[in-house]
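The following paragraphs lead through a single protein chain, from its overall form to its sheets, its internal spaces and a few individual residues. Please keep the sequence and the model in view while reading.

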Amino acid sequence: MEFLLASNRLDACPSMTTGRTSMLRTAFVALILLITTSAGVAAETADSAYINGKIYTVDATKPWAEAVAIKDGKFIAVGSNEAIAAVTGEGTKVVDLDGGFAMPGIHDTHVHPPLVYGHEEAGRLLFSETNSPDEIIEIVKEYAAKNPDIEIIRGEKWAAGDFPGGKATKAWLDPHFSDRPVYLIDETGHNGVVNSKLLEMAGITKDTPDPEFGVIDRDPKTGEPTGYLSETAMRLIGLLVGRPDEDAWYRSISRSLDQIRAYGTTSIVDMAVGPEILAAYRRLEEEGNLNFRVAATIALNDYQAEFTTAEESEAVLAKRDELETPLIKIGLKYWADGAPLSKTALLVEPYSDDPSTYGEMTIGEKELERIVQAHKDGIQVRMHATGDGTTRKLLDTIEKARAEDPKQDLRHHIGHLMVVHKDDIPRFKELGVIAEFSPVMWYPTSLGEVASAYVGKDRYARWHPIKEFVEAGATVTFGSDWPAGTPDADPWRGLEAMITRKDPATNTGEALGQGIDLETAVKALTINGAKAMMHEDVAGSIEVGKHADMVLLDRNLFEIDPTEISDVKVLQTIFAGKPVYSAN
C-alpha cells in the first residue's frame, strides 16, 4: 500500500498541513488499513483512497463523508475512514486529506472551448478583457504592420460598455485603417464592427436589405451602414473571412480545457460545435487527452459561417449514433435570439427605449418545427434565449413537442434567461426544461447597464431571476459562457455571484436581484448539471457506482463567508479516479 499525505502531495495548503495530531491520526488509519487488508476483509481492493476529509457528496441521503475509495475510475465506497479501510489493500494509493474539503467535479453547462483561441490559433487577434478601445486600435495597427499579406484583419473581443449604446461603429476604425479591411467582434459574439473598406468589399450599402434574422445598423439620418452588424448580418463578413481548420480548433480546445480543468470542472456542454470541432474533440479522446465528459451541441443556425453551416450540421446530426463516443454525446443548438442591444431578442412587452418594437427572434417557424422533430427523434435541444418573448415561444414549442411525443424525457435546455416573464417560470418544471444561467453577469456590469436602457429598469431589476426559478422547482444549472462576456471559465466566481448577486471583484454596491443559498448553488454546479447532461446516474455527486470525478479545494465552502468563494483555489481535479490537474 502506498500511503501519501495530501500536505506533501499538494504542496502544503493551509487546510491540509501536518502536525502531531494529524500524524497520529494518519498513523492510526494506516494501521487500520494494514490490519484490515492483511485479514483479507476486502471483497475488492481500491486503486486509490482519500481519507480524513470533509467531503461534500451532494448525495441527499448522505451529504457528508470522511473518505472515499476508487477502483477502475468509479467510487466503490463512500463513508468513514473505517469503511474505506475495508476496501483498501497493498496496492492502494492512500491520500490523507488532513481535514481538507472535497466535492464532486463541476459541470459547466454552457462554454465554448474552441472559440476561445480558435481564431488566434488561426493567426487572428484575441484582445484582453482589459483592453480599452484605444489599446485595441494600437494592437490592430501592430498586427497589421507585421502581417501585410493577411487580407482581412479579424479580432475579438471588445467591450460593449465602452461605446455609446453598446455599439462600436466604423468611425472608430476608419481613421486608422482606410485601406485594410478590419472586422472586430464584441464580447457577446453576437455583434461585430467593420470599417468602410470591409463594407465596400462585402458589398454592403444603404440599399442592402437586412438579412433574415440579422441587422445592418444604419445612420438614422442618412441610412448609411454604421459598420455595426448583428446576428446573420455577420455572416456576410464571415463568409469572406473563412474558418479555422481542424488543427486550429484542436489546439484551441486543448489550451482551453487545460484552463477549465484547473478550475475543477470535469463535465462541459460545448454550446457551439461544427464538424471540424467535433472531429477535434474525438481526436483528443482517441489520444487519451480529453479527460472531460462532453455534450457536443451541434449549431444549426445557418449564419455561423465561421465554423459551420446548417447543411453541414444536419449531416453530423444524421450520423450522431456513430459519431458519439463514451465521453462525447451529441445534441442540437439553436440561437433562438441574439441580444437586447440589437433588438434581436423578442420581448413580451415593447422595448423601453423604443415602444414601437418588441424585437425579434433569430429563428422562424421552420426552425421551431425542427425542434419538435428533434424531440421526436430523441435529440436533446439546447437553445439560446435572452428575451422573455423568445423564452415563451420556445416553451410553447417544447410543450407542443411533448404533447405529440410525451414518452421522451429529453430535458431540453434554455440558456441565459436574462429577461423572463413571471408567468413562464413555473412552466420550466412542468415541461422538464433545464434553466441554465450564464454568463457570470448576475451582478451589475457595464454590459448589463447598457442593456437596462433597452429593457427598462423594472425588467433589469429581475435580470437573471435565479431565485424565482429555484422557488418554482426548476432544475437550475451554471454556465460560464466563456469566452462570451467573461474573461475565463472560473465557476467559483459564478458560485459566489449566484449567492450574493454582487460583483465578486468588489462586493460593493447593490445586489442585482435575489441570490440563492450555498447548498442550492452547489447543486446547480454539480448534480443539476449532470441532470442537464442526462448522466446523473453516473456523475454529479459522490456516490458508490458513479464515476470518480472530484475536486479538492484549499478551503471548506461551508465554513467561509460567501464573499470569499471567488478566492477559492483548486488543489487537485480528479477525473474518473485519476488526477488530471494538481496545483503544484
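A residue is called buried when its relative accessible area is under 20%, exposed when that area is over 50%, and partly exposed in between, with a 1.4 Å probe and protein chains only. By this measure Arg-293 is buried, at 8% relative accessibility. The model is a predicted one, in which local features need pLDDT of at least 70 and side-chain atom pairs count only at pLDDT 80 or more, while totals for chains, interfaces and linings use all residues. Residues are numbered from 1 along each chain as its sequence is written, and side-chain values use heavy atoms, with hydrogens and water left out.

Across the protein chain, buried residues make up 60% of the 584 residues. The chain has 21 helices and 25 strands; these are DSSP runs numbered from the N terminus, with helices being H or I of at least four residues and strands E of at least two. The radius of gyration is 25 Å, close to the 25 Å that the globule rule gives for 584 residues, so the chain is as compact as a globular protein of that length. Here the radius is taken over C-alpha atoms, and the rule is 2.2 Å times the number of residues to the power 0.38. Along the principal axes, the C-alpha atoms fill a box of roughly 85 × 55 × 50 Å. A contact means heavy atoms within 4.5 Å; of the contacts with a separation of 6 or more, 72% are between residues 24 or more positions apart.

Arg-293 belongs to strand β17 (residues 293-299). Leaving out residues up to four places away in sequence, Arg-293 touches a set of residues that includes Thr-266, Leu-327, His-535, Asp-549 and Phe-575.

The sheets come next. Two strands pair if DSSP finds at least two bridges between them. An open sheet of 6 strands has the order β10-β11-β12-β13-β15-β14, with mixed pairing. At its edges stand β10 (125-126) and β14 (214-218), each with a single partner strand, so one side of each is left without a neighbour in the sheet. Within this order, β13 (residues 191-194) and β15 (residues 225-231) run antiparallel and are joined by 3 bridges; Asn-191 has Ser-230 of β15 as its bridge partner. Elsewhere, strand β8 (residues 101-104) runs parallel to β3 (residues 54-56), with 2 bridges, and Ile-55 stands opposite Ala-102 of β8. Strand β8 is also joined by 4 bridges to β23 (residues 550-553), in an antiparallel arrangement, where Pro-104 faces Met-550.

Where does the model leave empty space? On a 1 Å grid over the protein atoms alone, a cavity is a set of points where a 1.4 Å probe fits but cannot get out, whereas a pocket is an open set with protein on both sides within 12 Å along at least five of seven lines; lining residues have an atom within 4 Å of a point. Grid points are joined across faces, edges and corners, and a volume is the space filled by probe spheres set on the points. The structure holds 3 cavities of 30 Å³ or more, and the largest has a volume of about 690 Å³. Its lining comprises 45 residues, with Glu-187, Thr-188, Gly-189, His-190 and Ala-484 closest to the centre. Elements giving two or more residues to this lining include β11, β12 (182-186) and α16. By class, the lining divides into 22 nonpolar, 13 polar and 10 charged residues, where Ala, Val, Leu, Ile, Met, Phe, Trp, Tyr, Cys and Pro count as nonpolar, Asp, Glu, Lys and Arg as charged, and the others, Gly among them, as polar.

The largest pocket has a volume of about 480 Å³. Of its 24 lining residues, Glu-129, Glu-187, Tyr-443, Gly-485 and Pro-487 lie nearest the centre. Two elements, β11 (153-158) and α16 (446-455), give two or more residues to this lining.

Some backbone details complete the picture. Lys-157, in strand β11, follows a cis peptide bond from Glu-156, with omega near 0°. Another cis bond joins Trp-482 and Pro-483, with omega about 10°; Pro-483 lies in the loop between β22 (476-478) and α19 (491-500). Lys-343 has a positive phi, near 60°, and is buried at 18% relative accessible area. Met-534 also has phi near 60°, but is partly exposed at 35%.
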